[in-house]
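Trainee: Please take a close look at one part of this model, the surroundings of ligand 1. Which residues form the shell, and how do they divide by class?

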Amino acid sequence: MSDAAVPLGAVPPPVPGEVAVQITGMNKWYGQFHVLRDINLTVDRGERIVICGPSGSGKSTLIRCINRLEEHQTGQIIVDGTELTSNLRNVDKVRSEVGMVFQHFNLFPHLTVLENCTLAPIWVRKVPKREAEETAMDFLRKVRIPEQANKYPGQLSGGQQQRVAIARSLCMRPKIMLFDEPTSALDPEMIKEVLDTMIELAQEGMTMLCVTHEMGFAQAVANRVIFMDQGQIVEQNTPREFFNNPQSERTKLFLSQILGH
Amino acid sequence: MSDTHAQTVAQVRDTMLPPAPPPRRETGAIHWLRENLFSGWLNIVLTILAIWLVWTVLSGFVPWAWRGIWGAGSLTECRQIRDQLYPAGTSVACWSVISERWQQLIFGFYPPGGYWRPPVALAVFLVAVLPILFTDLPRRLLWLTVAAPFLIFFLLWGGTIWGPLTMALGVVLGGVVWLTGRRTGSPLVTLVATILVPLLFWMFLAKPLAAELAQLAPWGLPRVASKDFGGFTLSVVIGLSAICLSLPLGVLLALGRRSDMFFISKIAIAYIELIRGVPLIVWLFTAQLLLNYFLPRGTNFDLMLRVIIMATLFAAAYIAEVVRGGLAALPKGQYEAADALGLDYWQAMRLIVLPQALKISIPGIVNTFIGLFKDTTLVAFIGMYDPIGLATAIRASTDWQGIYWEIYVFIALVFFIFCFAMSRYSIWLERRLERSHR
Ligand SMILES: Nc1ncnc2c1ncn2[C@@H]1O[C@H](COP(=O)(O)OP(=O)(O)OP(=O)(O)O)[C@@H](O)[C@H]1O
Ligand SMILES: [Mg+2]
């Protein structure tokens, strides 16, 4: 909730009409519990969407449905032109096009930073090892930790680990990036280094869906903010309108809590 | 008081402290003794008790073993020598039974001219596992690992060299089919062909081909029948074969038990529970008696091979449970990260899940291996001459009737050396993996 002043760079506008993710009439249950209710969402290529809402509102579940870490029961999810069904081939195809960054990093502790980054390109994309390592070093330079390449994740700080996780996803050259509270497990001084990396990514035109409570980040780079409550999308708007002129009572209540007014 | 003080009085440090060396620890033997053995009344009593216990055991055993008689040809001779050397009533070991019969205890009924073969086979085995155990050796050594089973088979059982070579040729054929099929054909056809081609080759072509080649070039070693295997050679062949085969099978069972697929998981559970629920000795009797009924009439299925299969199946169930513990201990995030990167099931298992789960399971796996190795002595009950079976036979011979401690002490010592080596290796491996990941 550190809404630190984030430098506002030139963020390219999304490409209207080119659809990256299309969700229509999607529902999901955990047993009897109706966790996602009638979700409709279209994400254009190049859009940067921030999803917020109270704890337990289904934010994580929603973005985990997009790469099918969770299965939805009814409705349709189309990612980059491929519909997510029980067809494993489609699932693997979508997963290799969609990067995901987790709250707890989930780096592979038995592999070095460099091996973490080259594993999927080598085994999934069949890139030659040498080439995969060069790409990995490029991305590690980009997240500003090339000197850690031969260390193990356990030897890095939380912020460094999360930047490795971002680099690991980028090495697959994904078309869409999903972030599930990437900064909430970090100490305040490390949050900025991760947010800066994400902002750079946005400036390059990456399609991003971020679950986060970093409202400064939302104001700086998001072109749409989605507010969820009780498994539903309650309100969505541009960040300016969303923060200055919230429409629903729930949104107002949530914003007053999170911004500490 | 001091709390309020600290809050109300501002403090600024104006000189920084230089780093100081840590306080000197008291050292020396006397200090160590006082700290560890005589630090309190209870400790003193326990120390004295322990010294007394160790003394009682060693004061009996050490003179008995140390004065032991080596050169005699029979127990009676041993007793005569003892009566000449020591006052009446002295108890003395008769190690002569070991010096007379050690070859039999180690090689069983293996032809004496071939005594070099089992040790060389063991050496080949140890070299072949090196690239698996020590991952930083050059990968090219793995070719040796692939060739080793055939070489070891040839060394132990002998025969012409063409038998194992044509067997190996079948494997090579399978590999060639798989490699060409993977580039051109569909995966299913490739898989079926990879299994079928070597099988057909072994069934119809291998034997005539080997016979033909043997006529041309009759190179080979004298053949040794399985029934001539005995002593530690038998234990080590059964134990190491079962150890090597049960690990992959156990890992597959563990994965099967956690599988989402209904039948796979139920079959794995049924297998594990059935095997674990019945004593090994019962399974060995089954191997000895029952398998003959199930197999087609006339097939003379080697008893030793049957025992190896049974011991493998038995150990695999235990390995499966140990590995399942390791799989369960892995955080869910690891599976999710592997999925999110687009790795398929087998890639995720091989590259992410198993390396970590097996690392957690090392103590349990080695424990199972040590247990399995010692359990090979049970084959004495189905008429095989492992060290225990041989000990019984030696004690029944006229020369050594009435001897018992010496042979069993020797057997215990050899088993201990093997098991202790395995235990040390596992501790070393754990430490090394621990270091490299932190
Ligand atoms: N595997 C599961 N089985 C049953 N219920 C679950 C499961 N995972 C999540 N839930 C429930 O679904 C609801 C939505 O969970 P989700 O993790 O999507 O919330 P969230 O919005 O991400 O919350 P937070 O901000 O705390 O991360 C919660 O009420 C949670 O208890
Ligand atoms: Mg969440």
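Mentor: The shell around ligand 1 comprises four nonpolar, six polar and two charged residues; here Ala, Val, Leu, Ile, Met, Phe, Trp, Tyr, Cys and Pro count as nonpolar, Asp, Glu, Lys and Arg as charged, and the others, Gly among them, as polar. The model is predicted, so local features need pLDDT of at least 70 and side-chain atom pairs pLDDT 80 or more, while totals for chains, interfaces and linings use all residues. Side-chain values use heavy atoms, without hydrogens and water; residues are numbered from 1 along each chain as its sequence is written, with chains lettered from A and ligands numbered from 1 in the order in which they are written.

The residues around the ligand (a heavy atom within 4 Å) are A:Tyr30, A:Phe33, A:Val35, A:Pro54, A:Ser55, A:Gly56, A:Ser57, A:Gly58, A:Lys59, A:Ser60, A:Thr61 and A:Glu181. In chain A, strand S2 (33-45) and helix H1 (59-66) each supply at least two of them, and H1(A) gives the most, three residues. Helices (H or I, at least four residues) and strands (E, at least two) are DSSP runs, numbered from the N terminus.

Three side chains have an N or O atom paired with a ligand oxygen: A:Ser60 at 2.6 Å, A:Lys59 at 2.7 Å and A:Glu181 at 3.2 Å. On its own, ligand 1 has 630 Å² of accessible area (Shrake-Rupley, 1.4 Å probe), and the protein covers 58% of that.

Conventions:
Polar contact = N/O pair within 3.5 Å; in protein donor to acceptor, adjacent residues only side chain to side chain.
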